[in-house]
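Student: Hi! Could you walk me through this one, starting with any term I need?

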Amino acid sequence: MLQVNHVTKKYGKVLANDDISFSVQNGQLAVLLGPNGAGKSTIIKCIAGLLRFQGQILVAGHANDSLEAKHALGYVPEMPAVYELLTVGEHVEFIRRAYRLGDEANAYADALLERFEMDDKRDKLGKELSKGMQQKLSVICALLPRPEVVIFDEPLVGLDPHAIKELKELFGELKRGGASVLISTHMIDSVEDFWDVAHIMMNGRFAATRENREGVDEKPLEQLFFEITERDKGERA
């Protein structure tokens, strides 16, 4: 489970996140929607422990800066961060050793590499990979420890159609496996089939929250999103 309680983040005088609170339950997929500059990546980086903030973030019941939380968290950044001088195989081995994973992780790593069509790239250095391949490697490294909480920041950008299909299927598998999944995106159609709760962000705040409930007659999420974002543009004009 992921819990974000009253998180505020400022860059100097700029308020990037303004008293944000939400949770992602076990087996739930939540999405953060919003235009560029809405504050989505900032809250993702706060959760991942990359930024200092005011408030509280708990990952699987532990403070997000604790070792226990880091073991429970998988993070796929918007811009892939791979080691230029490690091969794909060495990336996988590094994660296996860092998380002290057993031999069973080797089979899972092989399955992930094959699934994302990276099994023939084991000897390629990180700097030799295209951005799309680096993104796939980031996904593989994040999922290898089988984290309880997984956060994705614009995960489908730069991926080929096969990788997009496999990653979308993995979203469902993570949910069914009981993981808490959080996806930040501005591409509504990329998550329309499997989201449980959506938070629409504007100016560092949640402008609306919508639960995906069957049988409830509500306006489509895309329509709500554009009503909010277009209204904001009109007010600023």
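Tutor: Happy to. Two strands pair if DSSP finds at least two bridges between them. Also keep in mind that this is a predicted model.

Student: Got it. How many residues sit between S1 and S2 in their hairpin?

Tutor: Two residues separate S1 and S2 there, and Gly-12 in the turn has a positive phi of about 65 degrees. The two strands run antiparallel and are joined by seven bridges. One bridge partner to note is Ser-23 in S2, which goes with Gln-3.

Student: And which way does S1 run against S4, parallel or antiparallel?

Tutor: Antiparallel: strand S1 (residues 2-11) and strand S4 (residues 54-59) are joined by five bridges. Gln-3 turns up again here, with Leu-58 as its bridge partner in S4. Beside that, Val-4 stands opposite Ile-57 in S4.

Student: So what order do the strands take in that open sheet of four?

Tutor: The order is S2-S1-S4-S5, and the pairing is antiparallel. Strand S2 (14-24) and strand S5 (62-63) are the edge strands, each pairing on one side only.

Student: Which strands of it does H1 lie across?

Tutor: Helix H1 (residues 40-47) lies across S1, S2 and S4, and runs at about 120 degrees to S1. H1 also lies across S3, S6, strand S7 (149-153), S8 and S9, where its direction is about 145 degrees to S8.

Student: Why is H1 described as largely enclosed?

Tutor: Six of its eight residues are buried, so the rest of the structure largely encloses H1. Buried here means under 20% relative accessible area. The buried residues of H1 are Lys-40, Thr-42, Ile-43, Ile-44, Cys-46 and Ile-47. Just after the helix, Gly-49 takes a positive phi of about 85 degrees.

Student: Changing topic: what is the strand order in the open sheet of six?

Tutor: That sheet reads S6-S7-S8-S3-S9-S10, with mixed pairing. S6 and S10 are at the edges with a single partner strand each, so each has one side without a neighbour in the sheet. On average, neighbouring strands of this sheet are turned by 15 degrees against each other, direction ignored.

Student: In which sense do S3 and S8 pair?

Tutor: In the parallel sense, over five bridges, with strand S8 covering residues 180-185. Leu-29 has Val-181 as its bridge partner in S8. As for helices, H5 packs on the sheet and touches S6 and S7, its direction making about 175 degrees with that of S6.

Student: Now S9. How many bridges join S3 to it?

Tutor: Four bridges join strand S3 (residues 29-33) to S9, and the two run parallel. Val-31 has Ala-198 as its bridge partner in S9. S9 is also joined to strand S10 (residues 205-211), this time antiparallel and through six bridges, and Val-197 finds its partner in S10 at Glu-211. The hairpin of S9 and S10 has two residues between the strands, and Asn-203 takes a positive phi near 55 degrees.

Student: Which residues cover the two faces of S9 as buried ones?

Tutor: One side carries Val-197, His-199 and Met-201, the other Ala-198, Ile-200 and Met-202, and all are buried. With six of its six residues buried, S9 (residues 197-202) is therefore largely enclosed by the rest of the structure.

Student: One more thing, pockets. How much space lies in the largest pocket?

Tutor: About 710 Å³. Its lining has 26 residues, and closest to the centre are Tyr-75, Ile-95, Tyr-99, Cys-141 and Ala-142. Helix H2 (67-72), strand S6 (73-76), helix H3 (88-98) and helix H5 (131-143) supply at least two lining residues each. By type, the lining divides into 19 nonpolar, six polar and one charged.

Student: And how much space lies in the largest cavity?

Tutor: About 40 Å³. The count comes to one cavity of 30 Å³ or more. Among the residues that line the largest cavity are Glu-154, Phe-171, Ile-183, Thr-185 and Ser-190. That lining divides into seven nonpolar, two polar and one charged.

Notes
Residues are numbered from 1 along each chain as its sequence is written. This is a predicted model: local features need pLDDT of at least 70, side-chain atom pairs count only at pLDDT 80 or more; totals for chains, interfaces and linings use all residues. Side-chain values use heavy atoms; hydrogens and water are left out. On a 1 Å grid over the protein atoms alone, a cavity is a set of points where a 1.4 Å probe fits but cannot get out, and a pocket is an open set with protein on both sides within 12 Å along at least five of seven lines; lining residues have an atom within 4 Å of a point. Grid points are joined across faces, edges and corners, and a volume is the space filled by probe spheres set on the points. Ala, Val, Leu, Ile, Met, Phe, Trp, Tyr, Cys and Pro count as nonpolar, Asp, Glu, Lys and Arg as charged, and the others, Gly among them, as polar. Buried means under 20% relative accessible area, exposed over 50%, partly exposed in between (1.4 Å probe, protein chains only). Contact means heavy atoms within 4.5 Å. Axes are lines fitted to C-alpha atoms, for helices over the stretch in contact, and angles run from 0 to 180 degrees between N-to-C directions.
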